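This briefing concerns the pairing of charged side chains. The structure is shown first, and the points that follow are grouped by topic.

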Amino acid sequence: MRVVVVGIGADGWDGLGGPARRELLGATEIYGSRRQLDLLDAEVDAGLIAWHSPMSQHLGEVLAGSADREIHVLASGDPTYYGVGSTIIESIGAEHVTIIPAVSSVTLACARLGWDQVSTPVESLLEKSVLPTLAQRKAGDRMLFLSRDAATAGSIAEALRQSGFADSRMWVLNDLGGPDELIQSSTAQDWRGNAASSLNIVGVVFSGGFDWSRGEWVPYVAGTPRPDRFTNDGQITKQPMRAITVSALGRVAEPTLLWDVGAGSGSIGIDWLRTNPRGRAVAFESHPERREFVAANAEHHGVADRIDIKGPVPESFARVPAPDRIFIGGGLTAELLDDCLERLAAGGRLVANAVTLESETILMAAYAEHGGELQRIQWETAGSLGRRSGWEPRRTIMQWTVEP
Ligand SMILES: C[S@@+](CC[C@H](N)C(=O)[O-])C[C@H]1O[C@@H](n2cnc3c(N)ncnc32)[C@H](O)[C@@H]1O
């Protein structure tokens, strides 16, 4: 079997180069979607076969055909970019496939928007939802989304609105390169309805800020004040403490492993992963229900593939590699602290938070023995006081940071 995959853009036959045209004019059988086959010149003399649904099954049957056969397959744009070219190579091997690429839709979108391709991340929404990665974006970032259909732009706008990015500008780039090319532009706030065409790419420049009405910061900042976004049962480090704690654990350029001991809702480990793209974390939590919270929260914040969830400590420690960072948020005992200090990798850092007299005593003793930095953080939140308002003290937290 020999397969020649020819990329074709929305500009159809006009946009094809000499080699692509010669291939198609000399072909005996050409497979493609009905839309793509309709773009071919009348001079093409081959049998034209439209994929039937499901396409993957039809393609599989065709590729299983006889060894000395040669077929041509049309692909949109660049066949090895989220395209059928890659599927075919994976199935029968690159030595049996010739690819003749056309310009990819992403190249066209960057050309239209004047964006540098190297620094513009692309995310495919052909098969997944947009929400998880939004949590990692910050104001000023830009991004392209490959749409599944005309409704995708609406779900992107909705997700942006829900994530504090309602002011972001969106461009919906339809039928790029073709006679019906149309670029729609709107803020996420104002976008309503569907894209003009099912063939579209969405560009976004993220914009968001402190939303005073909801008391929310731009996502991505460590410790974003959105406990509502972390499913929890009250066992959650509140936002200001989360920001201080994630900052104490630090940002690290190289791959780094964090243990989040007594993870609760997992918010510390998750926020730390969001500020450390090359980090991995293990969340230790003895309550099965809270382990489910950690899993759901990790999924929601787009870090599920970088976090492992384990059960009670110290039993579970032995089954995971030594960490570069340890955070102890709950269940502090002198034995647990000693155990953690021993297991910390060379050059590592441990941060422990305490709110009870008992755990504060342990941290003070540890500070006396090992040094490091010991601090107490007091904070208050405004709230109602009878018919007026006043400051409400929150629990003072003692935090010990050490690089033993
Ligand atoms: C399966 S991917 C294939 C990408 C293709 N291999 C390429 O290089 O452009 C399909 C995605 O590209 C988008 N797309 C393809 N052609 C397009 C065009 N002419 N204008 C806008 N979007 C296009 C589709 O809407 C979809 O999101």
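Aspartate 271 is buried, since its relative accessible area of 1% falls under the 20% cut-off. The model is predicted, and it holds 10 salt bridges. Three of these pairs are described below, together with one network.

**A pair between two helices**
- Aspartate 271 meets arginine 242 in a salt bridge between their side chains, with an N to O distance of 2.9 Å.
- Arginine 242 lies in helix α9 (residues 239-249) and aspartate 271 in helix α10 (residues 267-275), so the salt bridge ties together parts that are 29 residues apart in sequence.
- Arginine 242 has a relative accessibility of 0% and therefore counts as buried.

**A shared network**
- Arg242, Asp271 and Arg274 are joined into one network by salt bridges that share partners.

**A pair within one helix**
- Arginine 161 and glutamate 158 form a salt bridge through their side chains, at 2.8 Å from N to O.
- Both residues belong to helix α8 (residues 152-162), where they stand 3 residues apart, about one turn of the helix.
- Arginine 161 is partly exposed, with a relative accessible area of 22%.
- Glutamate 158 is also partly exposed, its relative accessible area being 34%.

**A further buried pair**
- A salt bridge links glutamate 285 with arginine 290, and the closest N and O atoms are 4.0 Å apart.
- Both glutamate 285 and arginine 290 are buried.

Technical notes: Residues are numbered from 1 along each chain as its sequence is written. This is a predicted model: local features need pLDDT of at least 70, side-chain atom pairs count only at pLDDT 80 or more; totals for chains, interfaces and linings use all residues. Side-chain values use heavy atoms; hydrogens and water are left out. Helices (H or I, at least four residues) and strands (E, at least two) are DSSP runs, numbered from the N terminus. Buried means under 20% relative accessible area, exposed over 50%, partly exposed in between (1.4 Å probe, protein chains only).
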